[in-house]
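Hi everyone, thanks for coming. I'd like to walk you through one model today, so please have a look at the picture first.

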Amino acid sequence: VSAATTEKPWRRYTGGEAKGFVDELRLAAMKLHTRQQAQEGEMEAKAPEEQRVEEWEPTLDGYLKFLVDIKVVYDTLEQIIEKPSFPSYGEFRNTGLERSEKLAKDLKWFEEKGYGIPKASSPGVAYAKYLEQLSEKDPQAFICHFYNIYFANTAGGRIIAKKVAEKILDSRELEFYKWDGELSQLLQNVRDKLNKVAENWSREDKNRCLGETEISFKFYREIVRLMLS
Ligand code: HEM
């Protein structure tokens with residue numbers, strides 16, 4: 001293996017070794033990005049939200065729709081973790097990555113500024129419903145969504161946030177993109193927990209979890225697309 005192949009950007013997240021299941025989850029996710037979205041992406045961009053973020057034309061109305069719908073997803077995810085159907089979910093309580101309260105603050109701010117807050121729409125509601133059902137029957141598949149929803153927001157989400165803020169929010173930084181504590185440490189703690197939980201899984205369990213990545217992308221992209229509506 002040459003230095004060039006070992007020197008992947010994501011190595012900085014894992015301390016230089018492919019040492020656990022999270023690396024597999026990350027690779028599955030990176031492949032599903034378009035080349036325009038991320039260096040490691042392998043897909044061709046078709047829809048507008050798959051193009052380079054620089055070329056996006058977000059609207060404030062659309063961004064509010066996005067925030068409302070993504071909040072439905074985080075609310076649901078955080079309720080599932082609070083009252084876990086499976087003991088393994090309990091590991092992921094109070095990770096510091098929780099977003100529900102932060103989003104509530106952002107939406108309150110917009111409301112106080114006089115913006116109309118839209119009702120949740122089908123992309124967020126559909127994903128939340130899917131997560132509720134899945135969480136009760138397939139913990140491995142559910143964990144894939146947990147990973148993607150939290151990690152997407154800290155990676156691409158922050159890139160998107162910056163661009164959108166410059167274009168339509170006068171560079172205001174939302175609470176949604178602020179964490180209490182050092183984000184890299186919070187992420188590492190969650191990676192360690194994911195690796196630990198997956199240690200007890202069979203290869204079949206792991207593959208089912210990895211296979212769920214595509215579904216997570218499909219749902220999440222519908223919500224991201226709201227920004228451009
Ligand atoms: C990582 C961009 C959508 C899940 C990344 C990275 C970029 C990126 C640039 C690499 C970060 C790095 O290694 O430094 C984007 C853009 C998107 C998008 C522009 C536009 C819509 C999504 C979606 C999902 C997702 C829909 C899944 C639901 C992830 C995950 C990572 C990632 C899990 C790995 C994070 C980590 O290891 O810390 N994304 N992404 N992304 N993205 Fe996306």
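Let me start with a single residue: Ser 171 is exposed, because just 9 other C-beta atoms lie within 10 Å. Here a residue is called buried if 20 or more other C-beta atoms lie within 10 Å of its own, exposed if 12 or fewer, and partly exposed in between, with C-beta atoms placed from the backbone.

Before going on, two words about what you are looking at. This is a predicted model, in which local features need pLDDT of at least 70, side-chain atom pairs count only at pLDDT 80 or more, and totals for chains, interfaces and linings use all residues. Residues are numbered from 1 along each chain as its sequence is written.

Back to Ser 171, then. Ser 171 sits in the loop between helix 8 and helix 9. When I say helix, I mean a DSSP run of H or I with at least four residues, while a strand is a run of E with at least two, and both are numbered from the N terminus. Which residues does Ser 171 touch, not counting those up to four places away in sequence? They are Ala 165 and Glu 166, where contact means that the two C-beta atoms, placed from the backbone, lie within 7 Å. From Ser 171 to Ala 161, 10 residues apart in sequence, the C-alpha to C-alpha distance is 9.2 Å.

The backbone here deserves a look too. Most residues other than glycine have a negative phi. Ser 171, however, has a positive phi of about 65°, and Asp 170 has a positive one near 55°. Asp 170 is in that loop between helix 8 and helix 9 as well, and Asp 170 counts as exposed because it has 7 C-beta neighbours inside 10 Å.

Now let's zoom out to the fold. The protein chain has 11 helices and zero strands. Its radius of gyration is 17 Å, close to the 17 Å that the globule rule gives for 229 residues, so the chain is as compact as a globular protein of that length. That radius is taken over C-alpha atoms, and the rule is 2.2 Å times the number of residues to the power 0.38. The C-alpha trace spans about 50 × 45 × 35 Å along its principal axes. Of the 229 residues, 29% count as buried. If you take contacts between residues at least 6 apart in sequence, 79% of them join residues at least 24 apart.

What about the inside? The largest nonpolar core has 45 residues, and Phe 66, Val 73, Ile 143, Phe 146, Tyr 147 and Ile 223 touch the most other members. Helix 4 gives the most to this core, with 11 residues. A nonpolar core, for our purposes, is a set of buried Ala, Val, Leu, Ile, Met, Phe, Trp, Tyr and Cys residues joined through C-beta atoms within 7 Å. Beyond its neighbours within four places in sequence, Ile 223 has contacts that include Phe 66, Val 73 and Tyr 127.

Pro 139 in helix 7 makes a nice contrast with the loop residues. Why is Pro 139 buried? Because 20 other C-beta atoms lie within 10 Å of Pro 139. Among residues more than four places away in sequence, Pro 139 touches Phe 86 and Ser 88.

Next, the ligand. There are 23 residues around it, and Ala 38, Ala 152, Ala 155, Gly 156 and Tyr 220 come nearest; a residue counts as near if its C-beta atom, placed from the backbone, lies within 6 Å of the molecule. Helix 11 supplies the largest share of this shell, five residues. By type, the shell divides into 14 nonpolar, six polar and three charged residues. Nonpolar means Ala, Val, Leu, Ile, Met, Phe, Trp, Tyr, Cys and Pro, charged means Asp, Glu, Lys and Arg, and the others, Gly among them, are polar.

Finally, how confident is the predictor? The mean pLDDT of the protein chain is 91, and 92% of its residues reach 70 or more; pLDDT is the predictor's confidence in each residue, from 0 to 100. The complex gets an ipTM of 0.94 and a pTM of 0.91. Residues 1–16, though, stay under 50. Where pLDDT is low, the predicted coordinates should not be read in detail.

Thanks, and I'm happy to take questions.
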